[in-house]
Amino acid sequence: MDQGTRWRAPGRGRSRAVLAVVATAVLGAAGCDAVGGEEAAPSGAGEKKAAPAPSPTPVWDTSPASVATVGDSITTGFDACSVLTDCPEVSWATGSSGKVDSLAVRLLGPAGAAERSWNYAVTGARMADLPGQMARAVTRAPELVAVMAGANDACRATTSAMTPVADFRADFEDAIGTLRKALPTAQVYVASVPDLKRLWSQGRTSETGKQVWKLGICPSMLGDPDALDAAANERRETVRARVEEYNRALEEVCAADERCRYDGGAVYAYRFGTAQLSRWDWFHPGVDGQARLAEIAHRTVTAAKP
């Protein structure tokens, strides 16, 4: 025997062959091979049927039972009924007027809206004021909070005085955090900031409106309304760009919260005409404009998917 040959017990090779045949027979009877072959075991053979998984609870409820709102002059119905005056009964969010059919009325009915909707918006408010408004709103434990804020952050004396985007975002995050700390499952509807340049282009057709604008309404956009020189156009485009940045911040912060719905830019994109503007200042939404805002909000809140 040389060193490359090893002694083998007689019959050992035969034993291995027999074992291989037996193993093949057993595996074949089970209907599969050693590496998970192509033949499947008969359905249900040797297995217990798994219990059906329970249907998940929807994160978004399309029919909340109560509504609170926070924001600025648009949500207070400013200049919708008379000059330089709030008119909350025509607010798109919680107003009682049948001409508007507010979000609260559409969701709760007139009686329900009167009992279970609350308006904490303040004319002139900026995003920095939203956390405080939210703190007051959560005391009512609303199932839905409607938000429309940001126009006043762009409507400053000059473009350089507009709220920086980083501050705007931080204040909005603070407001959402205030809500979440008190009401983890409350829902939030967030309206985009309107296209202020569109409102200027429509309102400047009214001499009465332009006289009211001189009282200090959105000077960064509405100041010197008939000027069409390069500097005036650049000023207005700067305001519009900042509004678009605000809307991106609203969208991104809202997207990080599973119980928040942004309107997808619907308010910004809505082509307000003179029929939708206040007949007092030709800039804020009038009664018809408030009704259009209510439609957009209701459509977003009740959609099956965002």
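The count of aromatic pairs in this structure comes to 3. The model is a predicted one. The structure also holds 3 disulfides, and strand 1 is largely enclosed by the rest of the structure, because 5 of its 5 residues are buried. The points below take up the aromatic pairs, the disulfides and the strand pairing in turn.

**Aromatic pairs**

- Trp-92 and Tyr-189 form one of the aromatic pairs; their ring centres are 6.0 Å apart and their planes stand at 70°, so the pair is edge-to-face.
- This pair links distant parts of the chain, 97 residues apart: Trp-92 lies in the loop between helix 2 (73–76) and helix 3 (103–116), whereas Tyr-189 belongs to strand 4 (residues 187–190).
- Trp-92 is buried, with a relative accessible area of 0%, and Tyr-189 likewise counts as buried at 0% relative accessibility.
- Phe-168 and Tyr-246 form an aromatic pair that is stacked, with 4.1 Å from centre to centre and 10° between the planes.
- The stacked pair also links distant parts of the chain, with Phe-168 in helix 6 and Tyr-246 in helix 10 (residues 230–255), 78 residues apart.
- Both Phe-168 and Tyr-246 are buried.

**Disulfides**

- When the bonded cysteines of the protein chain are numbered in sequence order, the pairing reads 1-2, 3-4, 5-6.
- Cys-81 and Cys-87 are joined by a disulfide in which the sulfur atoms are 1.9 Å apart.
- The torsion about the S-S bond of Cys-81 and Cys-87 is about -65°, so this disulfide is left-handed.
- Cys-81 is partly exposed, with a relative accessible area of 33%, while Cys-87 is buried, with a relative accessible area of 3%.
- Cys-155 is joined to Cys-218 by a disulfide with an S to S distance of 2.0 Å.
- The torsion about the S-S bond of Cys-155 and Cys-218 is about -80°, so the disulfide is left-handed.
- The link of Cys-155 and Cys-218 connects distant parts of the chain, 63 residues apart: Cys-155 is in the loop between helix 5 (151–154) and helix 6 (165–182), and Cys-218 is in the loop between helix 8 (207–213) and helix 9 (219–222).
- Cys-155 and Cys-218 are both buried.
- Cys-254 and Cys-260 form a disulfide with their sulfur atoms 2.0 Å apart, and at -110° about the S-S bond this link is left-handed.
- Cys-254 counts as buried at 2% relative accessibility, and Cys-260 is buried with a relative accessible area of 10%.

**Strand 1 and its partners**

- Strand 1 spans residues 67–71, and 5 of its 5 residues are buried.
- In a regular strand, side chains alternate between the two faces of the sheet.
- In strand 1, Val-67, Thr-69 and Gly-71 point one way and Ala-68 and Val-70 point the other way, and all are buried.
- Strand 1 pairs in the parallel sense with strand 2 (residues 117–119) over 3 bridges.
- Strand 1 is also joined by 5 bridges to strand 3 (residues 144–148), and these two strands run parallel.
- Thr-69 stands opposite Asn-119 in strand 2 and opposite Ala-146 in strand 3.

Key:
Residues are numbered from 1 along each chain as its sequence is written. This is a predicted model: local features need pLDDT of at least 70, side-chain atom pairs count only at pLDDT 80 or more; totals for chains, interfaces and linings use all residues. Side-chain values use heavy atoms; hydrogens and water are left out. A disulfide is a pair of cysteine sulfur atoms within 2.5 Å. Buried means under 20% relative accessible area, exposed over 50%, partly exposed in between (1.4 Å probe, protein chains only). Helices (H or I, at least four residues) and strands (E, at least two) are DSSP runs, numbered from the N terminus. Two strands pair if DSSP finds at least two bridges between them. Rings of Phe, Tyr and Trp (its six-membered ring) pair if their centres lie within 6.5 Å; planes under 30 degrees apart count as stacked, over 60 as edge-to-face and the rest as tilted.
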